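Please open the model in your viewer and keep the selection panel at hand. The tour below moves from one selection to the next and says what is there.

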Amino acid sequence: MKNIRENIPSLKATPSFRISFIQTELPDYYAPWMNVAANLPHLIEGHQLRREVMPLLSTQYLRGHRQLRLARLALGFITMGYVWQGGGRQTVKILPRALAVPYCTISELLDLPPILVYADCVLANWKKRDPCGYVENLDILFSFPGGDSNKGFFLVSLLVEAAAAAGIKAIPIIVNAILHHGLCSLETALQDVALSICKMREAFKLIHGKCLDLIAAWKDNFLMPEGLVYEGVWDSPKQFFGGSAAQSSTLQCFDVLLGIQHSWGSVPRFSAEYLGCMRDYMPAAHRAFIQTLASGPSLRQFVLATGDAGLHAAFNKCVSALADLRSYHIQIATKYITIPAGRCRAEQQQLGGCVHKGTSVLSERGTGGTGFMRFLKAIRDTTRKAQLTEQEATVPTH
Ligand code: HEM
């Protein structure tokens with residue numbers, strides 16, 4: 001308890017959960033990065049990106065967190081484009097010094113791995129075309145070939161995050177309510193969390209783009225079995241997971257809040273391990289928030305101990321909203337990955353080709369080829385199991 005009380009200021013602040021990142025420009029010195037990043041679709045489609053001569057720029061003129069994030073975003077997009085420009089056919093083994101050195105320097109300062117992560121391509125990759133207005137005015141800063149499809153994916157993910165904001169903001173209120181036995185404010189805050197998760201699901205329905213092969217990993221990826229050498233930084237190749245919404249902190253926050261553990265009982269251990277790994281791909285402030293929350297008082301135990309029917313119902317509403325969101329996400333993954341991958345395999349079999357060669361990078365991505373569907377269903381099921389039952393509610397906890 002003492003620990004969480006001391007850490008409450010950091011729970012209150014939650015600075016980087018607020019989506020207020022609208023840094024869109026860097027000092028002129030960095031024009032070579034910004035120009036290449038802005039021109040990526042064209043350079044990649046024309047297979048010109050690897051021929052671009054990039055000067056080795058110093059990172060010393062970048063000022064503050066936001067400029068660092070924007071510079072990292074630009075370098076992250078260029079790096080992904082550089083590596084995957086040739087699709088799965090012509091991968092590279094070395095990231096040139098002019099990219100590798102500044103990218104790794106900035107990444108180290110931000111405590112993030114040197115690969116494009118969700119916090120880059122979704123949370124830091126947007127602007128308002130017009131300062132007024134909302135959804136219709138949102139645009140992305142950088143993109144890959146694929147026009148509206150990848151723009152849609154990034155922006156819808158951003159809207160899902162925006163919908164989560166009210167739920168995240170309710171978390172410090174919940175922790176305070178537990179510490180001060182504020183049953184009324186706890187129930188209201190739990191209702192806010194449930195509503196916010198329902199709104200995430202609504203925002204999710206806007207999805208019409210698909211994840212991109214260009215944000216694929218160089219870890220557990222048969223196309224780059226050794227990983228990538230970052231020239232001038234490390235001598236041996238490094239492996240990193242690619243960008244995935246699994247790196248979003250929001251669902252992991254709600255999991256921790258509700259005491260949902262994905263490593264229980266018969267659930268395959270890789271689910272929890274993979275989600276744990278994804279924390280290394282989140283901004284440091286998000287990681288710290290989740291850790292602080294995890295070390296605090298248990299909401300679940302508190303709700304059980306009160307024996308309050310209203311609180312019990314509000315808690316279960318949060319759990320079922322989260323399970324519903326995960327079920328919906330499974331439908332989306334089926335629509336955009338499983339069905340197209342099956343179609344692709346069937347076509348290749350008809351042509352008498354080797355199925356493995358033509359498999360999309362995406363279908364192998366993320367869970368290391370262990371089967372993302374098994375993973376998604378396992379964590380949806382552990383979410384469902386976190387519902388408080390009638391029996392639990394009647395067993396005294398102290
Ligand atoms: C076309 C759209 C999408 C597809 C095909 C898709 C697919 C996947 C796949 C295959 C995974 C397994 C892990 C991995 O590969 O890294 C995953 C995990 C995940 N995705 Fe998505 N996703 C999509 C959109 C989104 C959006 C918009 C969000 C929310 C912002 C989201 C949130 C998550 C989360 C949180 C996980 C980790 C599992 C969990 O906690 O439930 N996804 N997704």
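**Around the ligand**

By class, the shell around the ligand comprises 18 nonpolar, five polar and three charged residues, where Ala, Val, Leu, Ile, Met, Phe, Trp, Tyr, Cys and Pro count as nonpolar, Asp, Glu, Lys and Arg as charged, and the others, Gly among them, as polar. This is a predicted model, in which local features need pLDDT of at least 70 and side-chain atom pairs count only at pLDDT 80 or more, while totals for chains, interfaces and linings use all residues. Residues are numbered from 1 along each chain as its sequence is written, and side-chain values use heavy atoms, with hydrogens and water left out.

Select the ligand and its surroundings: 26 residues surround the ligand, and the closest are Ser 244, Ala 245, Tyr 274, Arg 326 and His 329 (a residue is near a molecule if one of its heavy atoms lies within 4 Å of it). Among these, a polar side-chain atom of Ser 244 lies 2.7 Å from an oxygen atom of the ligand, and a polar side-chain atom of Arg 326 is likewise 2.7 Å from a ligand oxygen atom. For Tyr 274, an N or O atom of the side chain is 2.5 Å from an oxygen atom of the ligand.

Which helix gives the most to the shell around the ligand? Colour α13, which contributes six residues; α7 (147–180), α13 (309–350) and α15 (372–385) each supply at least two residues of the shell. Helices here are DSSP runs (H or I, at least four residues), numbered from the N terminus.

**From α7 to α8 and α9**

Keep α7 selected and add α8: the two pack at an angle of about 170°, with their axes 8 Å apart, where axes are lines fitted to C-alpha atoms over the stretch in contact and angles run from 0 to 180 degrees between N-to-C directions. That makes α7 roughly antiparallel to α8 (angles over 145 degrees count as roughly antiparallel, under 35 as roughly parallel, 65 to 115 as roughly perpendicular and the rest as oblique). The contact of α7 with α8 has 17 nonpolar, three polar and two charged residues.

Next, hide α7 and show α9, since helix α8 (residues 183–204) and helix α9 (residues 249–258) pack at an angle of about 150°, with their axes 12 Å apart. That makes α8 roughly antiparallel to α9. Val 193, Ser 196, Ile 197 and Met 200 of α8 make this contact with Thr 250, Leu 251, Phe 254 and Leu 257 of α9 (contact means heavy atoms within 4.5 Å). These residues divide into six nonpolar, two polar and no charged.

**The α4 and α5 pair**

Finally, select helix α4 (residues 64–84) and helix α5 (residues 97–110), which pack at an angle of about 135°, with their axes 9 Å apart. That makes α4 oblique to α5. The residues of the contact of α4 with α5 divide into 11 nonpolar, four polar and two charged.

Definitions and conventions. A polar contact is a pair of N or O atoms within 3.5 Å; within protein, one must be able to donate a hydrogen and the other to accept it, and residues adjacent in sequence count only if both atoms are side-chain atoms.
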